[in-house]
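Trainee: Hi, I'm new to this one. Could you walk me through it?

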Amino acid sequence: MSYVLNRWEPENAAFWQQEGRRVARRNLWISIPALLLAFAIWQVWSVVVVNMPNIGFNYTPNQLFWLAALPALSGATLRIFYSFMVPIFGGRKWTTLSTASLLIPALGIGFAVQDTSTSYVTMMILALLCGLGGGNFSSSMANISFFFPKAEKGTALGLNAGLGNLGVSVVQFLVPLVITAGVFGALGGEPQTWVKEGVSKPMWLQNAGFIWVPFIVLSTLCAWFGMNDIASAKASFADQAVIFKRKHNWLMCWLYIGTFGSFIGFAAGFPLLIKSQFPGIDPTRYAFLGPLVGALARPFGGWLSDRIGGARVTQAVFAMMIVAVFGVLAFLPEQGVGGSFWGFFACFLALFLLTGIGNGSTFMQVPVIFLTLHQRWAGKGETAQRQATAEATKEAAAVLGFSAAIGAYGGFFIPKSYGTSIALTGGVEAALYAFIVFYVSCLAINWWFYARRGAEVPC
């Protein structure tokens, strides 16, 4: 099998039917589990921090929120660089390398949590290294965008991102299970002791890192032997840097902070938020459901947008997210009294659902926006239109990656805003009101530029 595709014309119907679709789908189905593992490593701290005090790590609530937030900070920053790597190195090579890099934080966490004398600085470094998983999203989405025609991009990107996002839910569901058993026997190290209500229980918190190692190795090998590089997708950083001059790059970054930034931020902070607002509830029993709903909704958001338009879907999403946050506020306890966990939980599930749909719709908008703009600029000649399509594909791929990078900062700011709000006001209400104001701005931007009649780039 040739690993480099010298001819790749997904918009050519005959080529797509004869060989393109088969190759594209193979690359997609190898990309998805690699991205799922990346999200699992990126979000593993959201579960680890909940359990660290149980085994003797004496950290303050603010320190724990910092550990939950740091992977998002580094992951978002790495995404900026990862956005441009596929056209420089090739999708196959970069997916292999970036997936293999996940072994560093997975093994590091496994060894560090076995010793309660491990310094907080070391834990912060490991939290930052988990950002390697966050960075992978930008390169993965840029890579898959090259493989599919315009008519199928929304669905393909929705599947890659949505099923990849399942890593957040998987980690919050699986880790609480594997840390209760010596999965790796003597190789996994000795258990720690967890004392609850006078009863001692063993806990293998190191399994939170070790459990991913064999899957990362397998996924790395699949990427190396099963994926392809596209010759025509090659571009230097200078070629791609033109996106920084594009207004619509920055507008879509803002909208994606509202959708994906909310998804990953809510996911990172959800377990600790439940624990801080409803102390009698075990967050590990419920927290994974939010990211699960959001991840599964993303492919639907892409599919729906392919059919009725991404801007329409995005507009509805932001309107309903504003309502859902008001719902969360209504069910919060006041000064530790009252409130309704089930009302709070239902409103957060609605938020996760909406962010998932919005993730799919915003990522459908990007390729359509840039294809429309380049076709306008190119004129009516067939050669010019073909060149316009090629340039639009490269720019859209870079914008997808870069907007994913900027959006990921929500994973840092949302958990941190909870901690800051609690420290300054004694509750999380101030943070939630700030989210509402931000969603109103997203609603206005999307309506003016993309959704209204006579919009600059209807999509």
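Trainee: For a start, what is the radius of gyration of the protein, and what would a compact globule with 459 residues have?

Mentor: Keep in mind that this is a predicted model. The protein has a radius of gyration of 22 Å, and a compact globule with 459 residues would be near 23 Å, so the two agree. Along the principal axes, the C-alpha atoms fill a box of roughly 80 × 50 × 35 Å.

Trainee: Thanks! How many helices and strands does the secondary structure come to?

Mentor: There are 19 helices and four strands.

Trainee: And how much of the protein is buried?

Mentor: Of its 459 residues, 59% count as buried. The protein exposes about 17,700 Å², with carbon and sulfur atoms supplying 67% of that area.

Trainee: What about contacts between residues at least 6 apart in sequence: what share join residues at least 24 apart?

Mentor: That share is 84%. We'll meet some pairs of distant residues in a moment.

Trainee: Switching to charges, how far apart are the mean positions of the positive and negative ones?

Mentor: They are 6 Å apart, taken over 28 positive and 17 negative charges.

Trainee: Now a helix. Where does H13 bend?

Mentor: Helix H13 covers residues 247–277 and bends by about 50° at Phe270. A proline, Pro271, follows within four residues.

Trainee: Why is H13 described as largely enclosed by the rest of the structure?

Mentor: Because 25 of its 31 residues are buried.

Trainee: Let's look at single residues. Is Gln43 buried or exposed?

Mentor: Gln43 has a relative accessible area of 3%; buried means under 20%, so Gln43 is buried. You'll find Gln43 in helix H1, residues 13–43.

Trainee: Which residues does Gln43 contact, leaving aside its neighbours within four places in sequence?

Mentor: Gln43 then touches Val168, Val171, Ile264, Ala267 and Ala268. Separately, the C-alpha atoms of Gln43 and Gly133 are separated by 8.5 Å, with their positions 90 residues apart along the chain.

Trainee: And where is Lys394?

Mentor: Lys394 belongs to helix H17, residues 382–408. At 25% relative accessibility, Lys394 counts as partly exposed.

Trainee: Which residues does Lys394 contact, again leaving aside neighbours within four places in sequence?

Mentor: Those are Phe146, Ser232, Lys234 and Ala235. Lys394 and Pro87 are 307 residues apart in sequence, yet their C-alpha atoms are 8.3 Å apart in space.

Trainee: Lys234 came up there. How far is Lys234 from Met85, C-alpha to C-alpha?

Mentor: They are 9.8 Å apart in space and 149 residues apart in sequence. Met85 sits in helix H4, residues 85–89. Leaving aside neighbours within four places in sequence, Met85 is in contact with Gly90 and Trp94.

Trainee: One more: which helix holds Phe215?

Mentor: Phe215 is in helix H11, residues 213–226. Phe215 has 46% relative accessibility and counts as partly exposed.

Trainee: How far apart are the C-alpha atoms of Phe215 and Ala34?

Mentor: They are separated by 8.9 Å, although the two residues are 181 residues apart along the chain.

Terms used: Residues numbered from 1 in each chain as written. Predicted model: local features only at pLDDT ≥ 70, side-chain atom pairs only at ≥ 80, totals over all residues. Heavy atoms only, no water. Helix = DSSP H or I, 4+ residues; strand = E, 2+ residues; numbered from the N terminus. Rg over C-alpha atoms; globule rule 2.2 N^0.38 Å. Buried < 20%, exposed > 50% of the residue type's maximum accessible area, 1.4 Å probe, protein only. Contact = heavy atoms within 4.5 Å. Areas by Shrake-Rupley, 256 points an atom, 1.4 Å probe, with all protein chains shown as cover. Lys, Arg positive; Asp, Glu negative; His and termini not counted. Charge placed at Lys NZ, Arg CZ, Asp CG, Glu CD. Bend = angle between axes of the 7 residues up to and from the residue.
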